[in-house]
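Please open the structure in your viewer and keep the selection panel at hand. The stops below are meant to be followed in order, each starting from a selection.

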Amino acid sequence: MELWYTEKQTPNFGITAKIGKTLHHEQTEFQTLDVIETKQFGNMLVLDGMVMTTDKDEFVYHEMLTHVGMFTHPEPKRVLVIGGGDGGAIREVLKHPSVETATLCEIDRRVIEVSQKYFPEIAGKLTDLRVEIKVEDGIKHIEANPGKYDVILVDSTEPVGPAVGLFQKPFYQGIYEALRPGGVMVAQTESPWFNRELISQVYRDISGIFPITRLYTASIPTYPSGLWSFTLGSKEMDPLQVEESRFTPLETKYYHPGMHHALFQLPRFVSELLEQEG
């Protein structure tokens, strides 16, 4: 008998993967948490029935969430990751030599613990001495730490349940205030195919707060539609103006300095989302 897992990404579309077995299942304080062994993508982390990460394609998401904003900032020393309990964004942040502290703010402790057990290559840097783990609400953490961070990365789940507030304008205003002068934020902002209204709204909200706002995309096979967006807000530095001399060599699989500026050349239907009025 064959076993298959299906994520219903919309009422009319989904993704299906052949699985070997279920490695972990529990109901945490906040969500249903599963780890399944898939034949195509290795171990897969699933929260409330939605794919969060897999062994095989995680590098795309984590590199793209992290390095565009990190290279946009001239010298990121204090970095905050909101969500991201699997540790992948923290791993990428620590590749930048200027980083002195990398704070992970994850509301669900069990996501961290389960990721450390089943995704050691993703979560392996959470024990680094530069890492500070806060098991708390990201919105409250932002409010309590004005002017503290150089870069803030929002590694959230889809806008349901505890993550709804992470896609709203007051949260982005709080991020602006939690950033030091010259600060940069990047948030994952869903699929241009399935979340057009959300992308338009988030872009309007962030551009209404930050002087410089840019959207870019990446190809992630296990995320809805495969095309994923990220929105960057910057207090001072435009990612399109980053000079070549600023790019230090990093060990990556997807992102590289040669693609940095090209990322912002969007497909026409995506750029049109940024022109829509609310």
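The tour goes from the whole chain to a sheet, then to a helix and its surroundings, and ends at two loop residues.

**The whole protein**

Begin with everything displayed as a cartoon, bearing in mind that this is a predicted model, in which the protein has eight helices and twelve strands. Along its principal axes the C-alpha trace spans about 55 × 45 × 35 Å. For 278 residues, a compact globule would have a radius of gyration near 19 Å, and the 18 Å of the protein agrees with that. If you colour by accessibility, 56% of the 278 residues count as buried, while the accessible surface comes to about 12400 Å², with 49% of it belonging to carbon and sulfur atoms. Among the contacts with a separation of 6 or more, 65% are between residues 24 or more positions apart.

**The five-stranded sheet**

Next select β1 to β5, which form an open sheet in the order β1-β2-β3-β4-β5 with antiparallel pairing. Its edge strands are β1 (3–10) and β5 (50–54), each of which pairs on one side only. Looking across the strands, you should find a twist that averages 45° from one strand to the next.

Within this sheet, narrow the selection to β2 (residues 13–27) and β3 (residues 32–38), whose antiparallel pairing extends over seven bridges; as a point of reference, E26 stands opposite L33 in β3. Then add helix α3 (residues 109–118), which packs on the sheet and touches β2, β3 and β4 (42–47), its direction making about 100° with that of β2.

**Helix α6 and what covers it**

Move on to helix α6 (residues 169–178) and show its side chains: which residues of α6 are buried? They are F171, Y172, G174, I175 and A178. Because they cover an arc of only 155° around the axis, these residues lie on the same side of α6. Expanding the selection around them brings in the elements that cover them, including β6 (78–83), α5 (138–143), β9 (149–155), β10 (179–188) and α7 (196–207).

Of these covering elements, β9 deserves a selection of its own: seven of the seven residues of β9 are buried, so the strand is largely enclosed by the rest of the structure. It pairs with β6 in the parallel sense over five bridges, and in that pairing V79 stands opposite V151 in β9. Five bridges also join β9 to β10, and these two strands run parallel; here the bridge partner of Y149 is L179 in β10.

**Two loop residues with positive phi**

For the last stops, turn to backbone dihedrals, where most residues other than glycine have a negative phi. Select D48, in the loop between β4 and β5; although D48 is not a glycine, it has a positive phi of about 50°. Then go to E190, in the loop between β10 and α7, where phi is again positive in a residue other than glycine, with a value near 75°.

With both residues displayed, is each of them buried or partly exposed? D48 is partly exposed, with a relative accessible area of 39%, whereas E190 is buried, with a relative accessible area of 2%. E190 counts as buried because its value is under the 20% cut-off.

Conventions. Residues numbered from 1 in each chain as written. Predicted model: local features only at pLDDT ≥ 70, side-chain atom pairs only at ≥ 80, totals over all residues. Heavy atoms only, no water. Buried < 20%, exposed > 50% of the residue type's maximum accessible area, 1.4 Å probe, protein only. Helix = DSSP H or I, 4+ residues; strand = E, 2+ residues; numbered from the N terminus. Arc of directions from axis to C-beta. Contact = heavy atoms within 4.5 Å. Pairing = 2+ DSSP bridges. Axes fitted to C-alpha atoms, helices over the stretch in contact; angles between N-to-C directions. Rg over C-alpha atoms; globule rule 2.2 N^0.38 Å. Areas by Shrake-Rupley, 256 points an atom, 1.4 Å probe, with all protein chains shown as cover.
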